[in-house]
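Visitor: Could you walk me through how the chains of this model meet?
Guide: Gladly; please have a look first.

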Protein chains: 2
Amino acid sequence: VTQLDPVPRRQRVDAQRNVEALVEAARAVFATSGVEAPAKEITDRAGVGVGTLYRHFPRRADLVKAVVRSGIDAVADAGPALSASYEPAEALERWIQRFTELLRAKRGLASALHSGDPTFAGLPGYFQQRLGPTLAALTDAAAAAGAIRDDVDAEDLLHAITQLCQPIPGHGAEHNQRMVAVLVDGLRRGAGR
Amino acid sequence: VTQLDPVPRRQRVDAQRNVEALVEAARAVFATSGVEAPAKEITDRAGVGVGTLYRHFPRRADLVKAVVRSGIDAVADAGPALSASYEPAEALERWIQRFTELLRAKRGLASALHSGDPTFAGLPGYFQQRLGPTLAALTDAAAAAGAIRDDVDAEDLLHAITQLCQPIPGHGAEHNQRMVAVLVDGLRRGAGR
């Protein structure tokens, strides 16, 4: 602890742990009880008091934003991790699977995200900025390995998957998943042309 | 001319020809000058008087609706015609190409179609009802020939292509086309699995 750092390290570590616990709890609660779920359901799950919630996230929008950002971060971080563990084409497919799960979770937050609250204004940019390069690294590696076609722009692909995951009236998410799988097959078919 | 048919046949044929000329002219004019183009531009192109336009299509919405319906009809009719001329997989690909052109033309009419005018209320149903079975016939034939995967629902595919053709901010339609091509490749890759 230096003179320039008046908050003891231990206290900062605790605060960081509380924030993470709250965001994780909120993600789970939003998924089951919706974005308007009672604060107590979230704090009980996180094992913190309601005062701690409101100190870190004064408004519900702040918590929603943190959930979305941490979801984007997790999927972005999964890119290098998958590349280290799998062949390029399989890493790409597994990442796309993770990405579609993120889109599905985001869909559950749509009422908040489309409310026009300026808290959310930066999220589309953050989404693009973190996930675009992640997907580009994966498609570049798979194309270099000759496993997928090499003329697909990662930004286009990110858009295309997002479009294919838009809800279809009267159909469940498995219909979206199937079409994403067909698109991924198309990437593979074009390999080496 | 029977007693039950007070309008002479010649007159009905002329009226039908005028309607067709007006719809074709309107399609071309909407594509270049937009859906609010002056009536005279349309009637000049159709070679009829403005009175004839307003007799058949009292409001602009009636003309827009006729243009959309005739576009849907043309693409639906192209299905059997393409099947008769090409191998099943090529007939399917060519039809999907026609279908994406229809979507692009419809996009130019979006301001009218999304105006909430009840004139357009039946169009989504008509679109689905005419194009769903057309695409199903094409995918069934291609799957039966072993040229594409056999587990794709035509209605899902129609939705997926429509989703992939949604405009991407800052990108031209060729980006959409490329992703549709990848999807079609994916249909082919799954053949015989």
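The questions below deal with the interface and the cysteines.

Guide: This is a predicted model, where local features need pLDDT of at least 70, side-chain atom pairs count only at pLDDT 80 or more, and totals for chains, interfaces and linings use all residues. Residues are numbered from 1 along each chain as its sequence is written, chains are lettered from A in the order in which they are written, and side-chain values use heavy atoms, without hydrogens and water.

Visitor: How much area do chain A and chain B bury between them?
Guide: Buried area is the accessible area (1.4 Å probe) that two parts lose on being put together, summed over both. Of this area, 60% lies on carbon and sulfur atoms. In chain A, A:D156, A:Q163 and A:M179 lose the most, together 25% of what that side buries. For chain A and chain B the area comes to about 2400 Å².

Visitor: Which residue of chain B forms a salt bridge with A:D156?
Guide: A salt bridge needs a side-chain nitrogen of Lys or Arg within 4 Å of a carboxyl oxygen of Asp or Glu. The count between the two chains is 6. With the closest N and O atoms 3.6 Å apart, the partner of A:D156 is B:R178.

Visitor: How many disulfides are there over all chains?
Guide: A disulfide is a pair of cysteine sulfur atoms within 2.5 Å. For A:C165 the nearest cysteine sulfur, that of B:C165, is 16 Å away. A:C165 is also buried (under 20% relative accessible area, 1.4 Å probe, protein chains only), at 8%. The count over all chains is 0.

Technical notes
Buried < 20%, exposed > 50% of the residue type's maximum accessible area, 1.4 Å probe, protein only.
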